[in-house]
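Here are some short exercises on charged pairs and burial, each with a worked solution. Have the model open beside you and try each task before reading on.

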Amino acid sequence: MIVLIRCLVSRVASRSMTDIIIVKVKPGSRKGPLVEIGSNGELTIYVREPAVDGKANDAVARLLAAHLQLPRSRVELVSGATSRQKRFRVSR
């Protein structure tokens, strides 16, 4: 599992402990909450919350933090607030 996560994370700065993770989101899914790792290393996150008033974004951030075994405060949405492809900054 660790090997797959390292493939998904791109290093932003070598001195900082910050990474950017790009995920594909499926809001309003009956499958959720679920994190799938594709054959190409892409993360797809399924959440039950609808894409209304940022509810799905919050759910995705919580699920991503749980998947990475980090506190929610260390996962921040950087871009893609209204898109299905999102970029999260993860601090360790």
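**Exercise 1.** Find the salt bridge between glutamate 49 and arginine 62 in this predicted model, and work out which parts of the chain the pair ties together.

*Solution.*
- Start with the distance: the N-to-O separation between the side chains of glutamate 49 and arginine 62 is 3.8 Å. A salt bridge requires a Lys or Arg side-chain nitrogen within 4 Å of an Asp or Glu carboxyl oxygen, and the pair is listed as a salt bridge.
- Next, place the partners. Glutamate 49 sits in the loop between strand S4 (43–46) and H2, while arginine 62 belongs to helix H2, so the salt bridge joins parts 13 residues apart in sequence.
- Finally, look at accessibility. Glutamate 49 is partly exposed at 27%, and arginine 62 is partly exposed at 44%.

**Exercise 2.** Now turn to arginine 89 and glutamate 76: in which strands do they lie?

*Solution.*
- The closest N and O atoms of arginine 89 and glutamate 76 are 3.2 Å apart, and the two residues form a salt bridge.
- Arginine 89 is in strand S6 and glutamate 76 is in strand S5 (residues 75–79), so this salt bridge ties together parts of the chain 13 residues apart.
- Both ends are partly exposed: arginine 89 has a relative accessibility of 32%, and glutamate 76 has a relative accessible area of 41%.

**Exercise 3.** Is aspartate 19 buried or exposed, and where is its salt-bridge partner, arginine 92?

*Solution.*
- Aspartate 19 and arginine 92 form a salt bridge whose closest N and O atoms are 2.4 Å apart.
- This pair links distant parts of the chain, 73 residues apart: aspartate 19 is in strand S2 (residues 18–26), and arginine 92 is in the segment after strand S6 (85–91).
- For burial, the cut-off is under 20% relative accessible area. Aspartate 19 has 3%, so this residue is buried. Arginine 92, at 47%, is partly exposed.
- As background, side chains of opposite charge can pair when their charged atoms come close.

**Exercise 4.** How many salt bridges does a search of the whole structure find?

*Solution.* The search finds four. Among them is the pair of aspartate 19 and arginine 92.

**Exercise 5.** Which residues does asparagine 57 touch, leaving out those up to four places away in sequence?

*Solution.*
- Locate asparagine 57 in helix H2 (residues 55–67).
- Check burial: with a relative accessible area of 14%, asparagine 57 is buried.
- List the contacts: beyond those sequence neighbours, asparagine 57 touches Leu77, Ala81 and Lys86.

How values were computed:
Residues are numbered from 1 along each chain as its sequence is written. This is a predicted model: local features need pLDDT of at least 70, side-chain atom pairs count only at pLDDT 80 or more; totals for chains, interfaces and linings use all residues. Side-chain values use heavy atoms; hydrogens and water are left out. Helices (H or I, at least four residues) and strands (E, at least two) are DSSP runs, numbered from the N terminus. Buried means under 20% relative accessible area, exposed over 50%, partly exposed in between (1.4 Å probe, protein chains only). Contact means heavy atoms within 4.5 Å.
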